[in-house]
Amino acid sequence: MSQLHTFEAVSRRLSFTAAADELCLTQSAVSRQIKSLEADLGRPLFLRKHRAIELTPEGRQLFEAVARGLDEIAGCVADLRTDAGTPQITVAASVAFSYYWLMPRLERFSERCPGVDLRVLATDQKIDLSKGDADVAVLYGDGTWDGVQARHLFGERVYPVCSPGYLRDHPELRRPSDLLDQALLHLEGGGTIWGTVDWQVWLAQKGVTGQPVRRGIRLNSYPMVLQGAAAGRGVALGWSYITDAMLADGQLVCLFENPLETCFSYYIGTSADAMSKPVVSEFVQWILEECEAEASGVA
């Protein structure tokens, strides 16, 4: 289980160093665990490149299974707990938000509230807080939902991203219209949780007419979209709250200035009943502080 937990972190971050920081391990310890897992399975899970790693097909298969399994285990553990005196909270968010934004920060919440049992429900399906699907949910929209108390987290900023190597290999990428002759990575099946921005919308908003010349790659998982971009498979749309960190550590580069900013935003939402619970109000306050710190460049 320790090796699988480490494997999940490396697969999600596509970086041994980033995974080591998240798990509070040394890079060499992470590398040893991955090599031991590969030896046990008898096949490589990663392709090691000069300054990047990429999941093999077998690695992608295992990553998807492990991610599902960890979520099911967390849910089962939460259901089996019988200590009524232990505060519990279920937080729902998209798969990408949970992996890329929430998980790297949860240690700080645990330090702030060490006695809380926290369950993260990573899903790209709509969450109905009125039905008790979760105590807290990260929602996308205009901030108005019936029966939901919503607090603003951040706006929607979208921009094209690719790997540094892809950009070096395509020096002709200088303006948005040049994207029509590139391999575009598309997210499918995200529904309204990913808002209304796709490649067609982004290009139109930037005044680009015409249709892409090359066949793109369509994926139904945003982590897979970002993995493809980091591996040099093409150009993806990046949502700033996820990809800003990947720009900072060099996994991705932003192609153009002036990102597309929509009229919608992301909110932390609760029902009135849930907000009356001290553990829920404490989590809401914590995530608001995290967003404020990130906006000011502290996080």
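How far apart are the end C-alpha atoms of helix α1 (residues 2-13), and what span should its 12 residues give at 1.5 Å a residue? They are 17 Å apart, which agrees with the 16 Å expected (1.5 Å times one less than the number of residues). This is a predicted model, where local features need pLDDT of at least 70 and side-chain atom pairs count only at pLDDT 80 or more, while totals for chains, interfaces and linings use all residues. Residues are numbered from 1 along each chain as its sequence is written, and side-chain values use heavy atoms, with hydrogens and water left out.

**Helix α1**
- Helices here are DSSP runs of H or I, at least four residues, and strands are runs of E, at least two, numbered from the N terminus.
- Buried residues (under 20% relative accessible area, 1.4 Å probe, protein chains only) in α1 include Phe-7 and Val-10.
- Just after α1, Leu-14 has a positive phi of about 50°.

**A cavity beside it**
- The second largest cavity holds about 30 Å³ of space.
- Ser-11, Arg-12 and Leu-14 are among its lining residues, and α1 and α9 (222-230) each supply at least two.

**Strand β6**
- β6 (residues 148-162) pairs antiparallel with β11 (residues 260-271) over nine bridges, with Gln-149 partnering Thr-270; pairing takes at least two DSSP bridges.
- β9 (residues 236-239) also pairs antiparallel with β6, over four bridges, and its Gly-238 stands opposite Tyr-159.
- Two bridges join β6 to antiparallel β10 (residues 253-254), where Val-253 partners Cys-162.

Notes:
Buried < 20%, exposed > 50% of the residue type's maximum accessible area, 1.4 Å probe, protein only. 1 Å grid on protein atoms, 1.4 Å probe; cavity = no way out; pocket = protein on both sides within 12 Å on 5 of 7 lines; lining within 4 Å. Points joined across faces, edges and corners; volume = space filled by probe spheres on them.
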